[in-house]
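Grab a coffee and open the model in your viewer. Below are some short exercises, each with a worked solution you can follow on screen.

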Amino acid sequence: MALHSYEEILNTYWGFENFRPLQQEIIESIGNQKDTIALLPTGGGKSICYQVPGMASNGLCLVISPLIALMNDQVENLKKKGIKAISVTSALSSKEIDIALDNAAYGDYKFLYISPERLQTNLFQERLLKMNINVIAVDEAHCISQWGYDFRPAYLNIASIREIKPETPIIALTASATDKVVEDIKARLGLRSPELFKKSFTRKNLAYVVLREESKERKLLDILNKVKGSSIVYVRSRKQSKVISSFLRDNGISADYYHAGLSNQARNEKQKAWMNNLIRVIVSTNAFGIGIDKADVRTVIHFDLCENPENYYQEAGRAGRDGKKAYAVQLFNDRDIALGEIKINNQFPDRSFIESCYDAIGKHFNLAYGSGSECSFPFELNEFVSRYNFPVLPAYYALKILERNNYLILNEVDYQNSRIKILVDNTSIYDYQLRNEKYAALINVLLRSYAHLFDEYVGINERELAKRLQLNYSEIIKQLQFLNKLELVDYRARNEGGSIYFVQPRVPKERIFIDKNTFSIRKSILEEKWANMKAYLSNVEYCRSKLLVSFFDENDAKNCGICDVCLERKKINLSTNEFRHLLNEIKDILEETPLEIDELSELMKHRKNDELLSVIRWLNDQNTIQLRENKLHWKQN
């Protein structure tokens with residue numbers, strides 16, 4: 001029974017008058033206690049679909065997500081709205097997790113965000129029995145399928161929750177899934193006759209453009225000078241984000257860089273400046289964009305290649321969320337294709353290398369055999385590979401393979417602000433204040449500035465505390481560490497890097513099990529997705545939007561009319577079928593043997609000469625054919 005109308009909750013907490021398309025139908029399905037699958041593209045408002053019904057009913061909404069950064073971001077946003085929410089991730093200590101789960105079970109919290117790896121722990125299973133769960137939300141649900149682009153084996157454990165909470169409805173959400181993945185979601189989550197809501201992946205206002213350029217820097221500058229407004233430029237590496245942003249600034253364009261290696265404060269400052277249009281262009285690795293909803297992005301430019309259409313679609317989809325025309329541009333050249341091939345090969349190192357990485361990671365943290373289970377450690381990949389003389393990419397993918405085989409979890413970006421909890425009761429902390437003047441001011445500011453310090457771990461800002469107490473930063477740290485040593489508080493300094501979480505105890509390297517079948521399947525899937533991405537790049541005859549959504553089994557889309565292929569096609573006065581037939585005829589002939597234009601015209605004299613020349617000119621503009629030694633050559637991609 002709903003405590004308030006869905007519209008009232010939406011307006012009160014989120015400030016919206018109306019739901020976006022399909023949101024209300026999805027919410028009502030959950031409200032009617034039905035299992036539900038929601039396929040909404042990036043920017044479609046997936047979180048509202050479980051947050052509103054979670055607020056409308058008594059009890060706690062359990063949200064399962066693989067992304068620590070997104071979980072923490074959503075929890076903070078809910079707290080700002082006055083909604084009690086908490087997250088449990090592999091980055092927390094056992095004490096923090098114990099307290100968080102206690103609060104979820106016995107407190108008046110509305111949302112518990114949890115990583116899938118936590119589901120099978122005895123501690124969680126024990127507390128789950130005592131939780132009044134009203135909705136189970138599975139975010140990034142494609143991770144449950146080995147046919148998805150980001151398979152996470154821990155997602156297979158989610159179905160066990162249904163055995164404990166059989167009457168609680170489950171909502172599975174994802175921004176991109178094929179029909180095969182949807183069927184996997186239904187089966188592996190044990191959904192009962194689920195309602196399926198699928199919004200078209202077509203973005204009518206988004207113009208997709210692919211440009212083969214030897215000088216990508218010059219073309220990037222050209223695009224940003226022609227298309228005004230806010231922009232995201234995606235690059236492959238942290239170093240490149242700095243180089244490209246500097247290049248843009250040198251050429252008069254307001255730009256900054258962003259990547260996971262920056263401090264939390266720097267990331268927040270850069271993101272805020274871009275969100276408020278103080279910076280026009282943010283040049284970033286794929287660490288940027290998760291949980292960010294900026295409506296007026298006019299261009300998303302991929303300076304480097306995505307390795308699959310799913311990632312490209314999601315990142316490109318951050319443009320034009322206001323419904324106005326926007327551009328998604330992919331720049332590439334032959335070198336990018338070669339680097340992409342190398343990257344695919346690097347993702348599947350041989351077993352001996354995987355064993356070496358596993359053995360080294362155990363030594364890195366001084367773990368004895370049989371120890372380490374459910375322990376988390378700060379981790380820097382560059383430091384690790386330098387210490388053990390491993391190549392970076394193969395080592396990274398070896399750790400990801402160990403993750404897929406349920407040995408550990410690599411959190412590349414583990415945003416954790418400093419946090420603190422008071423461990424003693426109110427009387428004891430007040431008594432300590434009276435007897436210790438040096439620390440009284442700090443304790444007083446903590447109690448006045450932060451709520452719930454006696455109940456849970458609360459994020460704090462040491463620099464802000466130093467400013468308010470007119471002390472230097474290092475002195476504040478010393479005082480906090482001293483209070484921690486006395487066990488009056490539990491103070492945990494912020495983590496700016498990544499972390500490693502051990503799912504299982506350490507075993508000798510010879511005993512690790514790598515599922516060869518899964519290994520082989522994952523390799524073939526990634527190769528297929530890379531082939532799809534190359535097909536998207538080399539495509540010269542199909543509408544880009546139509547081709548892109550066909551990768552998600554949406555086969556009834558219409559030509560967008562605004563992508564580069566559609567616009568070029570409009571210059572040739574031929575129907576789609578006529579154009580395609582003529583193009584394929586030219587292709588078949590020139591792949592067989594290069595010809596002079598007159599020779600080709602003679603072979604194709606059944607075709608109108610002006611139509612033939614128009615298509616040849618178009619193919620030349622698309623760099624699909626080349627004129628060498630007076631002969632037309634079909635260029636193989």
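**Exercise 1: Strand 4 and its neighbours**

In this predicted model, Val 63 sits opposite Tyr 113 of strand 4. Work out which strands pair with strand 4, and where its side chains point.

*Solution.*
- Start with strand 2: strand 2 and strand 4 pair in the parallel sense, over four bridges.
- Now go to strand 3, which runs parallel to strand 4 and is joined to it by four bridges. Here Ser 87 is the residue that stands opposite Tyr 113.
- Next, the side chains. In a regular strand they alternate between the two faces of the sheet. In strand 4, Phe 111 and Tyr 113 point one way, Leu 112 and Ile 114 point the other way, and all are buried.

**Exercise 2: The sheet around it**

Find the strand order of the open sheet with seven strands, and say which strands stand at the edges.

*Solution.*
- Reading across, the order is 3-4-2-5-6-1-7, and the pairing is parallel.
- Strand 3 (85-88) and strand 7 (195-198) are at the edges: each has a single partner strand, so one side of each has no neighbour in the sheet.
- From one strand to the next, the twist averages 15 degrees.
- For a pair to click on, take strand 1 (residues 36-39) and strand 6 (residues 170-174), which pair in the parallel sense over four bridges. Thr 36 has Ile 171 in strand 6 as its bridge partner.
- Finally, add a helix: helix 5 (residues 94-106) packs on the sheet and touches strand 2 (60-64), strand 3 and strand 4 (111-114). The direction of helix 5 makes about 140 degrees with that of strand 3.

**Exercise 3: Two packed helices**

Describe how helix 2 (residues 23-31) packs with helix 3 (residues 46-56).

*Solution.*
- Two packed helices are described by the angle between their axes and the distance between the axes.
- For helix 2 and helix 3 the angle is about 45 degrees, and the axes are 9 Å apart.
- Angles from 65 to 115 degrees would count as roughly perpendicular and those under 35 as roughly parallel, so helix 2 and helix 3 are oblique to each other.
- The crossing of helix 2 past helix 3 is right-handed.
- Who touches whom? Helix 2 brings Gln 23, Ile 26, Ile 27 and Ile 30, while helix 3 brings Ile 48, Cys 49, Val 52 and Pro 53.
- Sorted by class, this contact has seven nonpolar residues, one polar and no charged ones.

**Exercise 4: Strand 9**

Is strand 9 (residues 230-234) largely enclosed or left open, and which strands does it pair with?

*Solution.*
- Five of its five residues are buried, so strand 9 is largely enclosed by the rest of the structure.
- Both faces are covered: Ser 230, Ile 232 and Tyr 234 lie on one side, with Ser 231 and Val 233 on the other.
- Strand 9 pairs in the parallel sense with strand 12 (residues 297-302) over five bridges, and Val 233 stands opposite Ile 301 there.
- Strand 9 also runs parallel to strand 11 (residues 281-284), joined by four bridges. Ile 232 has Ile 282 as its bridge partner in strand 11.

**Exercise 5: A loop residue**

Is Val 540 buried or exposed? List its contacts too.

*Solution.*
- Val 540 lies in the loop between helix 21 (516-538) and helix 22 (544-550).
- Its relative accessibility is 9%, and the cut-off for buried is under 20%, so Val 540 counts as buried.
- Leaving aside neighbours within four places in sequence, Val 540 contacts Val 565, Phe 579, Leu 583, Trp 618, Leu 619, Gln 622 and Thr 624.
- Gln 622 is 82 residues away along the chain, yet its C-alpha atom and that of Val 540 are separated by 7.0 Å.

Technical notes: Residues numbered from 1 in each chain as written. Predicted model: local features only at pLDDT ≥ 70, side-chain atom pairs only at ≥ 80, totals over all residues. Heavy atoms only, no water. Pairing = 2+ DSSP bridges. Axes fitted to C-alpha atoms, helices over the stretch in contact; angles between N-to-C directions. Contact = heavy atoms within 4.5 Å. Buried < 20%, exposed > 50% of the residue type's maximum accessible area, 1.4 Å probe, protein only. Parallel < 35°, antiparallel > 145°, perpendicular 65-115°, else oblique. Left-handed = near helix turned anticlockwise from the far one by under 90°. Nonpolar A, V, L, I, M, F, W, Y, C, P; charged D, E, K, R; others polar.
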